[in-house]
Amino acid sequence: MSSHLEILTIDDFDLTGKTVFVRADMNSAIDPKSGKLLDHSRISEAAITVRELSRSKVVVGSHQGRVGGYDYVSLHEHAKALGEYVGRKVKFVEDVIGRAAMEEIRSLRDGDVLLLDNLRLAAEENFEFTIEAASNTHLVRRLSSVVDYCVLDSFPTAHRAHPSIVGFAKVRPTLAGRLVVKEVKALRNVQQVMKAPFVTVLGGAKISDRLEAMEALIEGGKADKILMTGLIALVFLRAVGKIKRPINIKDEERLIEKAGSIYSKYYERIELPEDLAILSGDSRVELPVEGVEDPSLVRDIGTNTVRRYVKVIKSAGTVFASGPPGVFEDDRFSFGTNEILQAVASSLGVTIVSGGHLSTALQKLNIKDWIDYVSTAGGALVMYLAGKRLPMFEALKASSELWRSKVA
Ligand code: 3PG
């Protein structure tokens, strides 16, 4: 057993000839107009474990987007891309736990790889469960009737207690894949050299997760300053009354209330933008925050904010950036993201960049190698750094306790 990680890995069992369910995270950026994949980085990472399981029958599962979102798409294109990185054809079935999926899984031969469709098509995969309750979901009961092992390789989803993450631990030996082991080892090394002051640059669109993450980071002593960017900055600006009109996001009032209570508790650590860039006609126009009439037009942070944030980044002992400051895919609004990432890359502190979007932006700027650690994970990494217990690792530990005596 790989005891240094207290979990079982794919080295601990002979998986030859076995049917192995690999829970990957190929959740990728999607072009809102065409619905096509914009980035393959998580798919290429997922291929590492799949490639190694060349003598097993491999069933890969991943979610993509969230129900109702523009990026909630079928994994058809992912299958093609995965095949390119694995170096062999990846079959695809437009099903998750129905008859079609069961038949495809049963017909696999050694060396075959099958990708199931978006796991979130199965209703249960959109909810969180305890390990015990998840074992009883249809998803786990159906899949465990046709697979021998479960391999958890979706580090970016480590903070989700979804059935595909926690549900197999007590019914099938559940092992860590290469990506999970790689991320954990690299993060342990980075954590040993991290030093104060800790500066976090927070952006992106998953507001509820980010609010939870902020509190976790501050309470875990890992955020002396948080530089707010992206949509979450607008939520805080509304909470403090600097932006008056609604942003038009889901659950807006609840999020504003939560942001307000975090701000009143930790305002000395939280930096808010003083200017923003909006879409006006076809152009980028910068305005002081108080001059923004319609927050739904905001696409980036402004130049004065960038200058102020860059100074804070330069004084950091550790910089952690999670979520893009603006709509960097659009050249008119890439300024904030580019300048912040350039500052992170040239910082003399320890630097960690998290999530698929920022990883793509770093690649575009050709500065990925300058960062100490770039993780595929977004929200999961924040929770990991904040020292929170992550359901995926709880499941891996539970599996290790139950199955370690069977290790070859
Ligand atoms: C991520 O991109 O952070 C992970 O894939 C998890 O996605 P989720 O926040 O939709 O669960």
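**Sheet order, backbone exceptions and a buried glutamate**

Asn 366 is exposed in this predicted model, with a relative accessible area of 67%. The residue belongs to the loop between helix 13 (356–365) and strand 15. Its phi is near 65°, a positive value in a residue other than glycine. Most residues other than glycine have a negative phi, and most peptide bonds are trans.

Asp 251 is a further non-glycine residue with a positive phi, of about 60°. The loop that holds Asp 251 connects helix 9 (230–239) and helix 10 (252–266). Asp 251 is partly exposed, as its relative accessible area is 42%. A cis peptide bond is found between Ala 196 and Pro 197, where omega is about -5°. Pro 197 is placed in the loop between helix 7 (178–193) and strand 7.

Strand 7 is part of an open sheet of six strands, arranged in the order 9-8-7-13-14-15 with parallel pairing. At the edges of this sheet are strand 9 (270–271) and strand 15 (373–375), each of which pairs on one side only. Strand 7 (residues 198–202) and strand 8 (residues 225–228) run parallel and are joined by four bridges. Leu 202 has Met 228 of strand 8 as its bridge partner.

Helix 7 contains Glu 183. This residue is buried but has no salt bridge. The nearest side chain of opposite charge is that of Lys 182, at 6.3 Å, whereas a salt bridge requires the charged atoms to lie within 4 Å. The side chain of Glu 183 instead takes part in polar contacts with other side chains. One of them, of 2.8 Å, is made with the side chain of Tyr 373. Another, of 2.6 Å, joins Glu 183 to the side chain of Thr 376. With neighbours within four places in sequence left aside, Glu 183 is in contact with Phe 155, Tyr 373, Ser 375, Thr 376 and Ala 377.

Elsewhere in the chain, helix 2 (residues 76–86) has as its buried residues His 78, Ala 79, Ala 81, Leu 82, Gly 83 and Val 86. These buried residues pack against helix 1 (41–52) and against three strands, namely strand 2 (57–61), strand 3 (90–93) and strand 4 (113–116). Gly 87, just after helix 2, takes a positive phi of about 90°.

Terms used:
Residues are numbered from 1 along each chain as its sequence is written. This is a predicted model: local features need pLDDT of at least 70, side-chain atom pairs count only at pLDDT 80 or more; totals for chains, interfaces and linings use all residues. Side-chain values use heavy atoms; hydrogens and water are left out. Two strands pair if DSSP finds at least two bridges between them. Helices (H or I, at least four residues) and strands (E, at least two) are DSSP runs, numbered from the N terminus. Buried means under 20% relative accessible area, exposed over 50%, partly exposed in between (1.4 Å probe, protein chains only). Contact means heavy atoms within 4.5 Å. Lys and Arg count as positive and Asp and Glu as negative; His and the chain ends are not counted. A polar contact is a pair of N or O atoms within 3.5 Å; within protein, one must be able to donate a hydrogen and the other to accept it, and residues adjacent in sequence count only if both atoms are side-chain atoms.
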